[in-house]
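The paragraphs below lead through a structure by way of its aromatic rings, its strands and its charged side chains. Please keep the sequence and the model in view while reading.

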Amino acid sequence: MWPVSKGATLRYPQPAGPDERRHRFEEVYAANHGPILGYVLRRTQSPHDAADVIAETFLTAWRRLDDVPSGDEARLWLYGAARRVLANHHRGERRRSVLSDRLGAELTGAYLMPEYTGELAEIAAAFRGLPEADRELLALIAWEGLDHGQVAAVLGCSRNAVRIRLHRARRRFADMLARHQALPQPTRAHITNGGPA
Amino acid sequence: MNPISRISPVSDADAARMVSDAALADLAERITSSPVRAAPARPRRWLFGIPLAAGLAAAVLIATSIGHPGAKVGPLGVGPASAQALVFEKHGRYIDVLVRNPVADPRRYRAEFKAHGLDITLSLVPASPSLVGTLVEMSNSGGADGRGLKTITAVGKCWTGGGGSICPVGVRVPVGFRGQADITFGRAARPGERYETTAPADARGEVMYGLHFHHRTVAAVLAVLRKRHVTVPVFHYTTAKGIGELLPPSRVPATWHVYDADPWAPHQVMLWVGPGRVEVMPAASPDSPVPSPSPTSSWPAS
């Protein structure tokens, strides 16, 4: 349940919880907002959605602060939380929150999803063609730079399961990439990148 | 180089540079001003949409949850206070758990799960009509012992916000489940009760389904809504500084335009409005142009 419905937060009185709790949250936030921004932006189409997911992720951390581990493990915990919020968003449940209005406005002005051409377009198409579970596994390693143990912590499974699933995911990705590379790509010869068609 | 690394849309460092310190501080301030609720479980694993033949549980949950939310507390008859809140049905290696009383005290659910040796916390939250009866959230922990819960889906039987038709409607618990889990379903709201989970107001099954309201005037949209007996108790307006405000109807000019809508409560929506025909997103605050560097030196480059 993600109780951040639009506008709801405006009604809340100032502030809740002792200073110690707030201090702990601020530490977690300061150490992890960059990685969480990156994680979420890499997985969303719209900067506004990204801002909402980021806000909900840290709101979850605030509400479950006692569950947030210390040190670098906090980041893994936050990835797991962000992943669940994203799953809700992908179901179409929008939680456009007033919490993230400002963040969303800034990201909207600053972030544009890259469009790929040539070989990178083939890689991107092959990657998009994979099942979600494969994509997440491969991305946690390639984009977040996690090792198998860290991936296991984010996904809540054993390291051995990660190893096996990763092996399969990589194989499926290679198959998919080969398929995309085998496709005829007539337009590439006629349209130069950035030039007139 | 890992080929997938080459299509990383943005690095952490670049992402962090896109937002000002002021915006980050603003978000932190708003979050820490929010109330803290008791939340017993660790979110370890998100299970969603695992296709499974829809068994009895799915059938019962669909039958009891999708229908005519509104005047009553859901289409499921709410039994007397003494009635059992949950029904447990063993099917081979799984137990299907059916919700008999969607508005029972959560402690009763917990007690009934406990009586079956299960450490499961069940919550039902008021949901906008198309999400009634669907799984809102599931998380579980406990390592190997915490795995094994499966969602029961009824593909095409309900529509979640963005048009998704996977429709998770139930949960199957393996016999001998020793982990801990939190499960949240959407239930029909009581009259006047605020939704806690919503689909877009114009999603199929919602009160504004089929209406064209984007960029129309407030007066025009209110007129259409009146015909559907839908009221607007509150409007959302984003100020030039990018701060969201809730406005009562008396403070919203009829000539303003509608950008978006969200279900608010039964037969009520919240409209996102502003003076211009097109929503203008405010730029970053000019008093906070300093980029904020990525705070984690240990973070590997993408």
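A residue is called buried here when its relative accessible area is under 20%, exposed when that value is over 50%, and partly exposed in between. The model is a predicted one, and each value quoted below is computed from it. By the first of these cut-offs, Phe127(A) counts as buried because its relative accessibility is 7%, and Trp143(A) counts as buried because its relative accessibility is 5%.

These two residues also face one another as rings. The centres of Phe127(A) and Trp143(A) lie 5.3 Å apart with their planes at 55°, so the pair is classed as tilted. Phe127(A) belongs to helix α5 (residues 118–128) of chain A, whereas Trp143(A) sits in the loop between α6 (132–142) and α7 (148–155) of chain A, and the pair, 16 residues apart, links distant parts of the chain.

Over all chains there are eight aromatic pairs. Another of them joins Phe25(A) and Trp62(A), whose ring centres are 5.6 Å apart and whose planes meet at 80°, so this pair is edge-to-face. Here, too, distant parts of the chain are linked, with Phe25(A) in helix α1 (residues 19–41) of chain A and Trp62(A) in helix α2 (residues 47–63) of chain A, 37 residues apart. Phe25(A) is buried, with a relative accessible area of 0%, and for Trp62(A), also buried, the value is 0%. Ring pairs connect both residues with Tyr29(A) and Phe58(A) in a cluster. Trp62(A) has a charged partner as well, since Arg21(A) lies over the face of its ring at 4.9 Å from the ring centre. Elsewhere, Arg43(A) lies over the face of Tyr39(A), at 3.8 Å from the ring centre.

That arginine leads on to the salt bridges, of which there are 14 over all chains. Arg43(A) is part of a network of salt bridges that also links Arg42(A), Glu136(A), Glu144(A) and Asp12(B). A further salt bridge, with an N to O distance of 3.5 Å, joins the side chains of Arg22(A) and Glu29(B); it crosses between chains, from helix α1 of chain A to helix α2 (residues 21–32) of chain B. Arg22(A) counts as buried at 16% relative accessibility, while Glu29(B) is partly exposed at 37%.

Within helix α2 of chain B, Arg30(B) and Asp26(B) are four residues apart, so about one helical turn separates them, and their side chains meet in a salt bridge of 3.1 Å, N to O. Arg30(B) is buried, with a relative accessible area of 16%, and Asp26(B) is buried, with a value of 16%. By contrast, the salt bridge between Arg110(B) and Asp119(B), whose closest N and O atoms are 3.4 Å apart, has partly exposed partners, with relative accessible areas of 37% for Arg110(B) and 34% for Asp119(B).

Chain B also offers strands to follow. Strand β1 (residues 86–91) and strand β2 (residues 94–99) of chain B run antiparallel and are joined by six bridges, with Glu89(B) standing opposite Asp96(B) in β2(B). The two strands form a hairpin with two residues between them, and Gly92(B) in the turn has a positive phi of about 60°. Val171(B), which lies in strand β6 (residues 168–174) of chain B, is buried, with a relative accessible area of 4%. Its C-alpha atom is separated by 8.9 Å from that of Ile95(B), although the two residues are 76 residues apart along the chain.

Technical notes. Residues are numbered from 1 along each chain as its sequence is written. Chains are lettered from A and ligands numbered from 1 in the order in which they are written. This is a predicted model: local features need pLDDT of at least 70, side-chain atom pairs count only at pLDDT 80 or more; totals for chains, interfaces and linings use all residues. Side-chain values use heavy atoms; hydrogens and water are left out. Rings of Phe, Tyr and Trp (its six-membered ring) pair if their centres lie within 6.5 Å; planes under 30 degrees apart count as stacked, over 60 as edge-to-face and the rest as tilted. Buried means under 20% relative accessible area, exposed over 50%, partly exposed in between (1.4 Å probe, protein chains only). A charge sits over a ring if NZ of Lys or CZ of Arg is within 6 Å of the ring centre and within 35 degrees of the ring normal. Two strands pair if DSSP finds at least two bridges between them. A salt bridge is a side-chain nitrogen of Lys or Arg within 4 Å of a carboxyl oxygen of Asp or Glu.
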